[in-house]
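Q: Please go through the labels attached to this model and say what each one rests on. Where a label depends on a cut-off, set the value against it.

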Amino acid sequence: MGLYSKLTNNIIINNILIATGLDAKKELSVGQWKAFKYDNDKSIQQNAGFSHSPEVEEALKKVKDKLVKYLASEVPAKGNVLDFGCGPGIYMKMLAKDYTVSGVDISEGMLQAASKLLPDNKFYLGNFLSINFDEKYHAIYSISVLEYIPVSKIDEFFKKCADIMHEKGLLFIQYPHALNKLDLYHPDRNYINYSPEFITKIASRYFNVIENKHSYDERNTCEYDTKPYQTESKTFKNGYLLIATKK
Ligand SMILES: C[S@@+](CC[C@H](N)C(=O)[O-])C[C@H]1O[C@@H](n2cnc3c(N)ncnc32)[C@H](O)[C@@H]1O
């Protein structure tokens, strides 16, 4: 963590920035992702930010299986699908034979890796919130990216998803949820553990929420998780999954 981040990323400053809408201007994660360099000594999954520990693999598999299942039931064959924060393209690769999958990512290094893996797919480089997409999607999915959307932009995020979707389009968002009461007050604006209750409330403005549950064990934890898994810091096993369709 840099000195600027150490000095300015705390509950008091974060809440002042959120209240004044300045949290979006003082984002810390954007610069970090833009500076990302792909490491050829690591696996593609490690470059995306996930270890190969058995618990992470198991938790990732549950999300992948559910994504495949929901897309199969809601999206026509070869339908248009967008991966928000596609990283090096792991999920796009998995879905490429069944759908027309495009990816958007703010990191050039990630997109270089993804386009090597998927030379025929379409990619958008930049911040999802500022890009003008030239097509509509039957589904938008996102794995571990919502934590980088500033609090003051979260309504805009869901509205934008709805705006670029076909009628009844599918939204599938995996995100790290609030793991304690403190998380509700945004102690870290560089990695936001959103409250599931808050996410349901905002998403419901534009989507019919089918489910918003723990992505590993399907619990409903409401405001925050009173029994988070303690195995690794920031393990993918502590995560939530929002599945919804456009209103
Ligand atoms: C933890 S990685 C996950 C990558 C991929 N979803 C996966 O699970 O393999 C988060 C990704 O989100 C991207 N990202 C973060 N904020 C973004 C934004 N506002 N717009 C587009 N991409 C963003 C980062 O560049 C990074 O590639």
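**Burial and strands**

Q: Why is β5 called largely enclosed by the rest of the structure?
A: Eight of the 11 residues of β5 are buried, so the label follows. A residue is buried if 20 or more other C-beta atoms, placed from the backbone, lie within 10 Å of its own, exposed if 12 or fewer, and partly exposed in between. Strands are DSSP runs (E, at least two residues), helices are runs of H or I with at least four, and both are numbered from the N terminus.

Q: What kind of model is this, and which pLDDT limits apply?
A: The model is predicted: local features need pLDDT of at least 70 and side-chain atom pairs count only at pLDDT 80 or more, while totals for chains, interfaces and linings use all residues. Numbering starts from 1 along each chain as its sequence is written.

Q: What makes β4 and β5 a strand pair?
A: Strand β4 (residues 137-143) and β5 run parallel and are joined by six bridges. Pairing requires that DSSP finds at least two bridges between the strands, and six bridges meet that. At one of these positions, Ala139 has Leu170 in β5 as its bridge partner.

Q: What makes strand β1 count as mostly covered?
A: Five of the five residues of β1 (residues 80-84) are buried. Asn80, Leu82 and Phe84 point one way and Val81 and Asp83 the other, and the burial holds for both sets. In a regular strand the side chains alternate between the two faces of the sheet. β1 also pairs in the parallel sense with strand β2 (residues 100-105), over five bridges. Phe84 stands opposite Val104 in β2.

**Single residues**

Q: Why is Lys168 singled out for its phi?
A: Lys168 is not a glycine, yet its phi is positive, about 60°. Most residues other than glycine have a negative phi. Lys168 sits in strand β5 (residues 165-175) and is exposed, because 11 other C-beta atoms lie within 10 Å.

Q: Where is His186, which also has a positive phi of about 60°?
A: His186 is in the loop between β5 and α9 (196-203). His186 has 22 C-beta neighbours inside 10 Å and therefore counts as buried.

Q: How do you know whether Val63 is buried or exposed?
A: Val63, in helix α5 (residues 54-74), has 20 other C-beta atoms within 10 Å, so Val63 is buried. Not counting residues up to four places away in sequence, Val63 touches Ile143, Gln174, Ser215 and Leu241; contact means C-beta atoms, placed from the backbone, within 7 Å. Lys42 is 21 residues from Val63 along the chain, and their C-alpha atoms are separated by 22 Å.

Q: Why does Ile210 get the label that it has for burial?
A: Ile210 has 15 C-beta neighbours inside 10 Å and so counts as partly exposed. Ile210 lies in strand β6 (residues 207-214). Apart from neighbours within four places in sequence, its contacts are Ile243, Ala244 and Thr245.

Q: What is the class of Asn127, and why?
A: Asn127 is partly exposed, because 18 other C-beta atoms lie within 10 Å. Asn127 is placed in the loop between β3 (123-125) and β4. Beyond four places in sequence, Asn127 is in contact with Val30 and Ile106. Asn127 and Val30 are 97 residues apart in sequence and 8.4 Å apart in space, C-alpha to C-alpha.

**Whole chain and ligand**

Q: How do you know whether the radius of gyration agrees with a compact globule?
A: A compact globule of 247 residues would have a radius near 18 Å, and the protein chain has 17 Å, which agrees. The radius is taken over C-alpha atoms, and the rule is 2.2 Å times the number of residues to the power 0.38. The chain has nine helices and seven strands, and 39% of its 247 residues count as buried.

Q: Which residues touch the most other members of the largest nonpolar core?
A: Val81, Ala139, Ile140, Leu171, Phe172 and Leu242 do, in a core of 57 residues. Such a core is a set of buried Ala, Val, Leu, Ile, Met, Phe, Trp, Tyr and Cys residues joined through C-beta atoms within 7 Å. The contacts of Val81 beyond four places in sequence include Leu71, Leu95, Val101 and Ala139.

Q: Which residues come nearest to the ligand?
A: Trp33, Ala48, Gly85, Gly87 and Ser107 come nearest, of the 18 residues around the ligand; the criterion is a C-beta atom, placed from the backbone, within 6 Å.

How values were computed: Two residues are in contact if their C-beta atoms, placed from the backbone, lie within 7 Å.
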